[in-house]
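Thank you all for making time this morning; I would like to take you through one structure, moving from the whole chain to a few single residues. Please keep the picture in view while I talk.

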Amino acid sequence: MSMPNNAHFHPSSFLLMGIPGLEDVHIWNGFPFLFVYLVALLGNAVVLFVIQTENSLHEPMYYFLAMLDSIDLGLSTATFPKMLGIFWFSLKDMSFEGCLSQMFFIHFFTAMESIVLVAMAFDRYIAICKALRYTMILTSKIISIIARIAILRSLYVVLPLVFLILRLPFCGHHIIPHTYCEHMGIAHLACASIRMNIMFGLGNISLLLLDVLLIALSYVKILCAVFCLPSWEARLKALNTGGSHVDVILAFFTPAFFSFLTDRFGHHIPRYVHIFLANLYVVVPPALNPVIMGSGPSRLESQS
């Protein structure tokens, strides 16, 4: 790989521009983002506190929910403070190491959230389709194994991205037209081939699609079992147990796929729309998940 004369592997810093095209209203953009951040922090903290203190919630469904809320706290903390710094104080400069660390945690937490949503779909499948064996199948040991798999798969997805960035030489400007550091945003600043980065990124998207497929299969089986129940009352009760989970899935995957589709095919869409959708991908799920799960038809609502 040839390297231009003005290239160097580790630039001292990157410049995050926020939302290009909306610089004049950055200060106003900060207020709704602060509100969403506070909702994410308080909502997830309350849910975790309730699950920890209420013995009646020490069940597989709520252990998975606790994992999801912990991930959401990590994801929101990895993104919101820097966003607010850009919007309100023009703190656009970010060191190379800081940018790489933020990229790692954003991709790590989003990858973990995807696999935890698969685990929650599996939990609902067992609870509805194999109710009598629920506690025998989803034991504490199995839940622990699922948590380890989620961590290991997330590391498998993210660690190569770090090394793929570290191998690239950078030259020219170091301006990232975004509110946070993400893999391809950094890679596009390199003055060398990023084909491996693109291929690995597509492989990660394939894993995301696999998660969607597994979730869809779980719910197809759930629907088949539900509509075999004898009464409509029993069917509605069974469907209600998974309704909140479906809303959480939509809150996570819908912004993700809109962001991906506009990035790949929306070449005539203004840049600020791309960035705004990418922001929704990381800010919406942490704020909505505790609201959805806390207001759903579950014991969590009665305890909170």
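Before anything else, we need one cut-off, because a residue is called exposed when its relative accessible area is over 50% and buried when that area is under 20%, with partly exposed in between. Please also keep in mind that what you see is a predicted model.

With that cut-off in hand, let us turn to Ser90, which sits in the loop between helix 2, residues 60-89, and strand 2, residues 93-95. Is Ser90 buried or exposed? Its relative accessibility is 52%, so Ser90 counts as exposed. The backbone at Ser90 also deserves a look, since its phi is near 55°, a positive value in a residue other than glycine.

Now let us step back to the whole chain. There are 10 helices and 3 strands, and if you read along the sequence you meet them in the order β-α-α-β-α-α-α-β-α-α-α-α-α. The radius of gyration is 21 Å, close to the 19 Å that the globule rule gives for 304 residues, so the chain is as compact as a globular protein of that length. Taken along the principal axes, the box filled by the C-alpha atoms is roughly 70 × 40 × 35 Å.

As for the inside and the outside, 49% of the 304 residues count as buried, while the accessible surface of the chain comes to about 15000 Å², with 70% of it belonging to carbon and sulfur atoms. If we take the contacts between residues at least 6 apart in sequence, 80% of them join residues at least 24 apart.

Let me finish with the charges. The chain has 16 positive and 16 negative charges, and the mean positions of these two groups are 12 Å apart. How many salt bridges does the structure hold? There are 2.

One of them joins the side chains of Asp123 and Arg124, at 2.8 Å from N to O, and both Asp123 and Arg124 are buried.

The side chains of Arg153 and Asp211 also meet in a salt bridge, at 2.7 Å from N to O. This pair links distant parts of the chain, for Arg153 belongs to helix 5, residues 140-166, and Asp211 to helix 7, residues 195-226, which puts the two residues 58 apart. Arg153 has a relative accessible area of 17%, so it counts as buried, and Asp211, with a relative accessible area of 1%, is buried as well.

Note on methods: Residues are numbered from 1 along each chain as its sequence is written. Side-chain values use heavy atoms; hydrogens and water are left out. Helices (H or I, at least four residues) and strands (E, at least two) are DSSP runs, numbered from the N terminus. The radius of gyration is taken over C-alpha atoms; the globule rule is 2.2 Å times the number of residues to the power 0.38. Buried means under 20% relative accessible area, exposed over 50%, partly exposed in between (1.4 Å probe, protein chains only). Contact means heavy atoms within 4.5 Å. Accessible areas come from the Shrake-Rupley method with a 1.4 Å probe; for residues, only the protein chains shown count as cover. Lys and Arg count as positive and Asp and Glu as negative; His and the chain ends are not counted. The place of a charge is taken as NZ of Lys, CZ of Arg, CG of Asp or CD of Glu. A salt bridge is a side-chain nitrogen of Lys or Arg within 4 Å of a carboxyl oxygen of Asp or Glu.
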